[in-house]
Each structure stands twice: as C-alpha cells, then as structure tokens.
Amino acid sequence: MGAEASGSGPALQELVREAEISLLECKVCFERFGHRQQRRPRNLPCGHVVCLACVAALAHPRTLALECPFCRRACRGCDTSDCLPVLHLLELLGSALRPAPAAPRAAPCSPGALTCHRAFGGWGTLVNPTGLALCPKTGRVVVVHDGRRRVRIFDSGGGCAHQFGEKGEAAQDIRYPLDVTVTNDCHVVVTDAGDRSIKVFDFFGQIKLVIGGQFSLPWGVETTPQNGVVVTDAEAGSLHLLEVDFPEGVLQRTERLQVHLCCPRGVAVSWLTGAIAVLEHPLGPGSGASSTTVKVFSASMQLIGQVDSFGLSLLFPSRITASAVTFDHQGNVIVADTANQAVLCLGKPEEFPALKPIITHGLSHPVALTFTKENALLVLDSAAHSIKVYKADWG
C-alpha cells in the first residue's frame, strides 16, 4: 500500500498540472484564474471563458461591446457571468495549485546569457500568435496569429509593414495557422490546421500554391539551405520534405523523411550542418501531459542526438516543457521552455545534454524562436502577444 501511494504522487501532480494548464488558465493573458476580482473566470455568451481583466481590456470603454477573442462572436461586457464550474474546481484543488518553488535563475550577466533589448507587437497588433520566421533577404519578421489577417510582417524597427491572409473558408484564406517559414526567395509558407493544408504566398500576400489532402495535421515548417521545406505532421507522426517551384507555384516532389515520430510539432534546420531538429510531444500511456522530446537527425537523416524531459530534469531543478526549437549559428540546439518561462541551450547534438539557461527573465509563454544574421535571438511570447529581441550584453 505504501509503495502504491508513493507511486501515485507524481501522477496526481501531473493531473493537477494538466488541470491548471488546460482548465484553470485564461487563454488570452495566460494568467491563472482566481477568486480575486480581476482574475475571476467569466463566461462569454458563446461559451468561451476568459478572466474579468481581459473582458475589461477587450470591451469598448463606452459601449462595452467586445468580440470573443476565439470565435469572434459579438457580445457586451455586461452579458458575461461567473464561470461556476471553474470556481468550484479552484476550491476543490485548493492548496494543490500553490505555485511550485521557482527554479534558480541564472545571473543575467553570466557568460552566454541574453538580455531583452526591445519588444514589438502587443495585444491588438498580434492576437494569440503561434509562429515566427525571418525573411533571409530583407530581415523582416513574419508572424502568424489569430487576427483577421493571419500573416503580419514587421520591418526592422518593429513597425507593421504589411499583412495578409484573410480569415475565411476559401482555399486561399487561412483558417488556423500553426507555423510559418520564409523561403530563400521570399515566399511565405504557412501550415493551416483548419483545412490541414500548406499554403504558399509571395511576400506581398498573393496565393501561389495550396497543398492539401496529403497531411493529417501539418504543424511545424522550416526552410532548408537548398530552399526546400520540411513539415511535421503531428497526427501522422511523420516528417516530410517538399520541393517546390515557388515562382511558378508548382509542387515538384514530396519525400517522407521520418515516420513513427510521437506527435512531432516544432522543427528546425541548421544552416551550418544541415541537421534537422524535431520536437515531439508524446501522448501515449505513461508520458506526462507536459512531456517533450528533442530529436536531432543528420542531413542524411541518421539520429545523432536525443533528449527528453526526464533526461533534462536530471540537470535542471524543475521539469522542462519544450515548446519551440531552433539552432544558433554555431550549431547548438536552443529550446524554449514554457514551464520555467526560459530559453535553454542544449549544446551540440553529439554533446546532449549540455544544458545552459540563456534567457531566464522577461518571458511569459515563449512559443517560437529564431536567430537574426546579427546573432540576436527573437522570441515569440504568446502571452504578451509580442516579439522580444534578446542580445548578448557583455557590458
């Protein structure tokens, strides 16, 4: 009985954590619901739940009119009501929801650490962003999000230069974007979970190609040095390479690079070595809701490095949940960690795991990463609806 009870501890903690993330967190500001006035969960007429602070922020100050940030149904702030099931669940779980002790923070000026120099975007400009990419020729930043126009392009100063990709049901519209990449010849490639397709636009927003019917759930997308596109299929558990004549809008060839992956989402390509990193989210029995695995394949698709949440927990004082992956210019694997609101360097694949925190302050919910040519790290923070620019600060 004693062994059985002790074994149930981690499972119970995992269940509580899953409830906290899935049910007890406002999906607009990513703050935990609570009994205090500003964090009380409120039902919108459409059935979605947000905190009272977000209702106040979204409502027009005079008319109180607002749109649901998820389904866009119009309503008024006075039409909302307390969400009693969430309030009751908060009471039932009680002390189990007390925050865990924070992980020790790396000193901001330690070697390899990065500091935030500026941020751009913000709520309204971006709405629940999911993907981030850089144009290799212009250096402009491309983000996909839940706005009326799904693709937003920022100039080097952080101003909005252009936007396109209407929300809608037509083939050229974007229903639910998950990720984005920009090819070497400045074409924008978006994975659309809404109709399970991949959509290619030129940099001005003209549709060039829709690739549908080949994927169960296309998720992560990245450009290769040869101007191909690699795509993860989270539902099929596979990794694909697409060769496209982008100016002509013609799909030339598809190749399945890997199968039997466990819910692959994020993907990154090293321009130094050609290696491909895939971020898995195992969903099978025994894998926690926040369990993740980073696998790195060589250019010839041989597995050269692998580490999971359990392996990283042996090196770090709290559990790590990887939400995004990229390579730096030296070929090191970099991951975003939503559990600790941090960005971590895992080292080179052959050195796994050589964990070193490089960002430990200023993030809320990092979901995408990319490096600029000047070696600045751009982090897409979905909770802040913004892009944050981090640089080494040796001063």
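## A tour from strand E25 to Glu 235

Begin by selecting Val 333 together with Gly 347, which stands opposite Val 333 and belongs to strand E25; bear in mind throughout that this is a predicted model.

Next, widen the selection to strand E24 (residues 333-337) and E25, and the two will be seen to run antiparallel, joined by 5 bridges. Between the strands of this hairpin there are 4 residues, and in the hairpin Gln 341 takes a positive phi near 50°.

Now select strand E25 by itself, residues 342-347, where 6 of its 6 residues are buried. In a regular strand, side chains alternate between the two faces of the sheet. In E25 both faces are covered, with Ala 342, Leu 344 and Leu 346 buried on one side, and Val 343, Cys 345 and Gly 347 buried on the other.

From here, add strand E26 (residues 356-359), which pairs with E25 in the antiparallel sense over 3 bridges; to find one place where these strands meet, select Cys 345 and its bridge partner in E26, Lys 356.

For the last stop, move to Glu 235, which sits in the loop between strand E16 (229-233) and strand E17 (238-245). Is Glu 235 buried or exposed? Its relative accessible area is 52%, so Glu 235 counts as exposed, the cut-off being over 50%.

Beyond neighbours within four places in sequence, Glu 235 is in contact with Arg 196, Ser 216 and Leu 217, and the side chains of Glu 235 and Arg 196 are joined by a polar contact of 3.4 Å. Finally, select Cys 262, which lies 27 residues from Glu 235 along the chain, with 8.6 Å separating the C-alpha atoms of the two residues.

Definitions and conventions:
Residues are numbered from 1 along each chain as its sequence is written. This is a predicted model: local features need pLDDT of at least 70, side-chain atom pairs count only at pLDDT 80 or more; totals for chains, interfaces and linings use all residues. Side-chain values use heavy atoms; hydrogens and water are left out. Buried means under 20% relative accessible area, exposed over 50%, partly exposed in between (1.4 Å probe, protein chains only). Contact means heavy atoms within 4.5 Å. A polar contact is a pair of N or O atoms within 3.5 Å; within protein, one must be able to donate a hydrogen and the other to accept it, and residues adjacent in sequence count only if both atoms are side-chain atoms. Two strands pair if DSSP finds at least two bridges between them.
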